Amino acid sequence: MSGAGGEGPRAGAAGPRVGAVGPRSGAEGTRAGADASRSAETAERDELFAQLRAYEGRAAATAGRGKDPVNEPMIRHWCEAVGDASPAYRGPDAVAPPTMLQAWTMGGLSGHTDGTGRSAAYDEMFALLDGAGYTSVVATDCEQEYLRPLRPGDRITFDTVIESVSPRKTTKLGTGYFVTTRTDVRADGEPAGTHRFRILKYRPAQRTEAPESARRPRPVINRDNSGFWAGVAEHRLLIQRCTDCATLRLPWLPGCNACGGAEWDTVEAGGAGTVFSHVVMHHPSFPAFAPDGDGGPYAVALVELAEGVRIVSNVIGVPYDKVRVGMPVHLEFLRTDPDLELPVFRASEGG
Ligand code: ZN
């Protein structure tokens with residue numbers, strides 16, 4: 001926020017208000033006569049767009065100052081993070097990676113606290129979008145132009161302007177407006193580069209997946225694990241056994257982790273096990289996983305079979321908060337919906 005305080009109507013530049021468009025034209029707007037009738041037509045189609053367009057050219061941030069001068073530690077961290085080992089960014093003649101342009105203008109977690117952050121106009125435009133239901137935001141792309149290299153010691157200043165607002169567009173995410181801001185970055189007062197940043201401010205598309213969400217996800221069955229699922233269909237929990245070294249493995253894998261052997265046969269689990277570890281899922285809610293389908297919390301357990309291998313599954317027959325490490329359990333097969341049966345474990349004691 002700039003220091004203007006309050007949120008009353010902004011005087012803006014000089015703008016006479018365009019009646020058809022409603023209050024808040026703000027910017028330079030002198031649309032009259034024939035223009036006004038065209039704009040009335042536009043207004044009927046998309047009054048919000050006309051309001052938004054009035055913000056084009058207005059400041060999004062003014063007289064910004066980089067919190068730190070261009071400096072070697074930041075350059076080193078950046079290069080390590082992105083894996084750029086170029087010698088150009090090290091040593092006495094080092095320059096900063098050009099793509100760091102925006103980094104020098106960022107406010108960090110605490111933001112720009114010296115009044116140089118987002119302008120009231122920018123906040124106002126966002127409020128207009130939020131108020132019209134375009135509440136979500138996603139960054140879509142950025143473009144940079146470099147005018148001069150940045151070197152340690154350069155002091156950064158910048159100005160950001162709302163460059164353009166697109167007409168309303170519908171994307172996979174939803175319907176909204178692309179807003180492009182342009183930041184002109186200076187180093188010790190000289191133009192150093194331009195950073196254009198585009199976001200989509202949108203109203204999320206309605207999802208229509210209710211019937212699907214009530215079912216558990218389908219297992220992915222492939223050549224490496226189809227035998228396991230064939231066993232489940234016959235109510236048998238099959239453990240793979242390496243025929244070279246006899247190591248048991250679950251879940252199924254194409255090869256033996258102990259000896260590398262590719263040959264295997266199977267052993268049928270006897271069904272006895274104990275809870276080796278467990279977590280309770282509270283959020284997000286997946287009703288299909290809850291024992292009574294109410295979406296409430298449910299226990300996910302790592303069960304150690306008597307044969308020594310472990311399997312992730314559900315413990316049934318006790319409340320989720322009675323599951324405990326070391327609890328004896330035994331195998332059952334649970335039909336979760338008409339197309340899916342899964343191995344689960346019933347607590348052998350009351351909990
Ligand atoms: Zn082996």
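Visitor: How many bridges join β7 to strand β8 (residues 248-249)?

Guide: This is a predicted model, in which local features need pLDDT (the predictor's confidence in each residue, from 0 to 100) of at least 70, side-chain atom pairs count only at pLDDT 80 or more, and totals for chains, interfaces and linings use all residues. Residues are numbered from 1 along each chain as its sequence is written. Strands are DSSP runs of E with at least two residues, numbered from the N terminus, and two of them pair if DSSP finds at least two bridges between them. β7 and β8 run antiparallel, and the number of bridges joining them is two.

Visitor: Which residue takes a positive phi in the hairpin of β7 and β8?

Guide: Five residues lie between the strands of this hairpin. The one with a positive phi, near 70 degrees, is A246.

Visitor: What is the bridge partner of Q240 in β9?

Guide: Strand β7 (residues 238-242) pairs with strand β9 (residues 264-268) in the antiparallel sense, over five bridges. Q240 has R249 as its bridge partner in β8, whereas in β9 its partner is T266.

Visitor: Which strands stand at the edges, each with a single partner strand?

Guide: The open sheet has three strands in the order β8-β7-β9, with antiparallel pairing. One side of each edge strand is left without a neighbour in the sheet, because each has a single partner strand; the two are β8 and β9.

Visitor: Where in the protein is confidence lowest?

Guide: The protein averages a pLDDT of 84, with 82% of the residues scoring at least 70. By element, confidence is highest in β7, at 98, and lowest, at a mean of 54, in a helix (a DSSP run of H or I, at least four residues) spanning residues 210-213, namely α4.
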